[in-house]
Structure formats: C-alpha cells, structure tokens
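Student: I would like a close look at a single part of this model, with the rest of the protein as background. Please take it in one connected answer.

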Amino acid sequence: MAFEQNEPQIDLPSYVGFRPLAVMVATERSAFEDGHDMGLWPEVGSRAMQRLLVAGSDVFSEGWLIVQDGNYRYRVDSGGGYRVRIVLREYLACEVIWE
C-alpha cells in the first residue's frame, strides 16, 4: 500500500491469507482474480495514479501489475478498506486486507 498508493499501513492487517490457486473452486478463483475495484482514486503523484493514465500498457492488465510474467504479479485495491493481492509463480495466491 505504501509503495503503490502512498498509503502506509501502520496497523496490523485484519486478514492475511494464502493458498494455491489450483485448490480454489471456480467462484473463489474468480473472486480473487476479478473481485474489488478501486473505490477511491489513489493519491495524486502515487504510482497507482500514474498507472491510471497509462492505458494499453502490456504490464498492467485488468488491475494486475505484472512484474515478471509467470513469476510475480500483484493488485492493490482501496474500495471498502485496503487490499493487496499477490500471485507467485502462478501457483500461490496471497491476500492482505486492512479495514
């Protein structure tokens, strides 16, 4: 949150979870991949705000920032609390939420 939206979270998260993508049922996987959109606009000057203005970039797909294709991608949402989702090696799904 601090890196992407310039919103440092000093409190402990309300939820931390991780599990392999392969064991998720279709609805669970869909909720993880597609759920939550940005409710609030990011702070002016933050990386997330700059990314909003870059349409068509091949590293930014449907809210996910692909750092290294097939190895690491993440998504940061701020609608109804703060949420960071990470996928490692297209295997492990991680989620951290601050409400």
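Student: Which pattern does the protein follow, read along the sequence? And how is strand S6 placed, with its partners and the loop before it?

Tutor: The model is predicted, so local features need pLDDT of at least 70 and side-chain atom pairs count only at pLDDT 80 or more, while totals for chains, interfaces and linings use all residues. Residues are numbered from 1 along each chain as its sequence is written, and side-chain values use heavy atoms, with hydrogens and water left out.

Read along the sequence, the pattern is α-β-α-α-β-β-β-β-β, from three helices and six strands. Helices (H or I, at least four residues) and strands (E, at least two) are DSSP runs, numbered from the N terminus. Of the protein's 99 residues, 32% count as buried; buried means under 20% relative accessible area, exposed over 50%, and partly exposed in between, with a 1.4 Å probe and protein chains only. The accessible surface (Shrake-Rupley method, 1.4 Å probe; for residues, only the protein chains shown count as cover) comes to about 6400 Å², and 57% of it belongs to carbon and sulfur atoms. Taking contacts (heavy atoms within 4.5 Å) between residues at least 6 apart in sequence, 53% join residues at least 24 apart.

Strand S6 covers residues 92-98 and is mostly covered, with five of its seven residues buried. Two strands pair if DSSP finds at least two bridges between them. With S1 (residues 15-20), S6 pairs in the antiparallel sense over six bridges; here Arg19 stands opposite Ala93 of S6. With S5 (residues 82-88), S6 is joined by seven bridges, and these two strands also run antiparallel. In that pairing Val84 stands opposite Val96 of S6.

S5 and S6 form a hairpin with three residues between the strands. Two residues in the loop between S5 and S6 deserve a note: Arg89 and Glu90. Most residues other than glycine have a negative phi. Arg89, however, has a positive phi near 55°, and Glu90 has a positive phi near 50°. As for cover, Arg89 is exposed at a relative accessible area of 62%, whereas Glu90 counts as partly exposed at 37% relative accessibility.

In short, S6 has antiparallel pairings with S1 and with S5, and the loop between S5 and S6 holds Arg89 and Glu90.
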